[in-house]
Amino acid sequence: MDDKRRLILDQALALVDERGLAAMSMRAVAERVGLTSMALYPYVGGKDALLDGLVDLLNLELGTAVGDDLADIDWRRRLRALGRAVRALAHAHPSAYPLLLNRSATGASASWLTAALHGILHDAGVPAAEVPRLARMICAFLLGYTTGEVTGGLPDTERSAEPDAEFDADLADLVTLIELAAAGNAAVRSGGGSGTPSQPGRPGSPAGPRR
């Protein structure tokens, strides 16, 4: 990312962190970086493009937080680390974070979270045909839950007195779900079954994430 563009996006994100998303305008961001509003356009385009840039910046921050040193560790630990990093990002930038759900990322980092989930599911032994669907489901849970948590969108009756422990329990449920999908794939490869996982609610099927 161009240094000037990164500076502008960093200042835009800081502005949103301090004053909320409604306070962000081209003029307000320009004042923070010592430029005129028109001078921002070559770097970030208009306001819509600036918002898209914030989505890209949040994805970059998430990738940096998780890092590259997780590639060689067990997929279960990688999933938990990824989930906790997503939640930490939400709490670090509660005003900007909902943009990850509301806007499509277009930058080089746009598919980072999806790619990370695909890698985890592949290493877990999930059938290739099932990887996109499971990745979408897990991504929807991680982004949806954490957005609801920082915006107050989760129903009061479902809030826990120990949110950290509850989130870890949800991650454990996701691990169980992935293990079930991988077990079905292993059964097919060994000729021991049809490979069709049990559906939630049927005997012997683990519970899905607690939502």
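Helix axes here are lines fitted to C-alpha atoms over the stretch in contact, and angles run from 0 to 180 degrees between N-to-C directions. The model is a predicted one, in which local features need pLDDT of at least 70 and side-chain atom pairs count only at pLDDT 80 or more, while totals for chains, interfaces and linings use all residues. Residues are numbered from 1 along each chain as its sequence is written, and side-chain values use heavy atoms, with hydrogens and water left out.

With that settled, helix 5 (residues 75-92) and helix 7 pack at an angle of about 160°, their axes 9 Å apart. The two are therefore roughly antiparallel to each other, a label for angles over 145 degrees (under 35 is roughly parallel, 65 to 115 roughly perpendicular and the rest oblique). On the helix 5 side, the contact is made by Trp75, Arg78, Leu79, Leu82 and Val86; helix 7 brings Trp112, Leu113, Ala116, Leu117, Gly119, Ile120, Asp123 and Ala124. Contact means heavy atoms within 4.5 Å. As for handedness, the crossing of helix 5 and helix 7 is left-handed, that is, the near helix is turned anticlockwise from the far one by less than a right angle (clockwise would be right-handed).

Helix 7 itself covers residues 112-124, and its 13 residues reach 18 Å from first C-alpha to last, close to the 18 Å expected at 1.5 Å a residue. The expected span is 1.5 Å times one less than the number of residues. Buried in helix 7 are Leu113, Ala116, Leu117, Ile120, Leu121 and Ala124. Seen down the axis, these buried residues fall within an arc of 130°, so they line one face of helix 7; the arc is that of the directions from the helix axis to the C-beta atoms. An α-helix has 3.6 residues a turn, so residues three or four places apart point the same way. Right after helix 7 comes Gly125, with a positive phi near 95°.

Zooming out, the chain has nine helices and zero strands. Helices (H or I, at least four residues) and strands (E, at least two) are DSSP runs, numbered from the N terminus. Of the 211 residues in the chain, 39% are buried, where buried means under 20% relative accessible area, exposed over 50% and partly exposed in between (1.4 Å probe, protein chains only). Among contacts between residues at least 6 apart in sequence, 71% join residues at least 24 apart.

Back toward the N terminus, helix 2 (residues 26-33) has Met26, Ala28, Val29, Ala30 and Val33 buried. Their cover includes helix 1 (3-19), helix 3 (37-44) and helix 4 (47-66). Helix 2 is followed by Gly34, whose phi is positive, near 75°. Helix 4 has a glycine after it too: Gly67, with a positive phi near 75°. The 20 residues of helix 4 should span 28 Å at 1.5 Å a residue, and its end C-alpha atoms are 29 Å apart, which agrees.

Two residues further along round things off. Thr147, in helix 8 (residues 131-151), is buried at a relative accessible area of 11%. Setting aside neighbours within four places in sequence, Thr147 is in contact with Tyr97, Pro98 and Leu101. Pro163, in helix 9 (residues 163-190), is partly exposed at 32% relative accessible area. With neighbours within four places again left out, Pro163 is in contact with Arg87, Tyr145 and Glu149. The C-alpha atoms of Pro163 and Glu149 are separated by 9.3 Å, the two residues being 14 apart along the chain.
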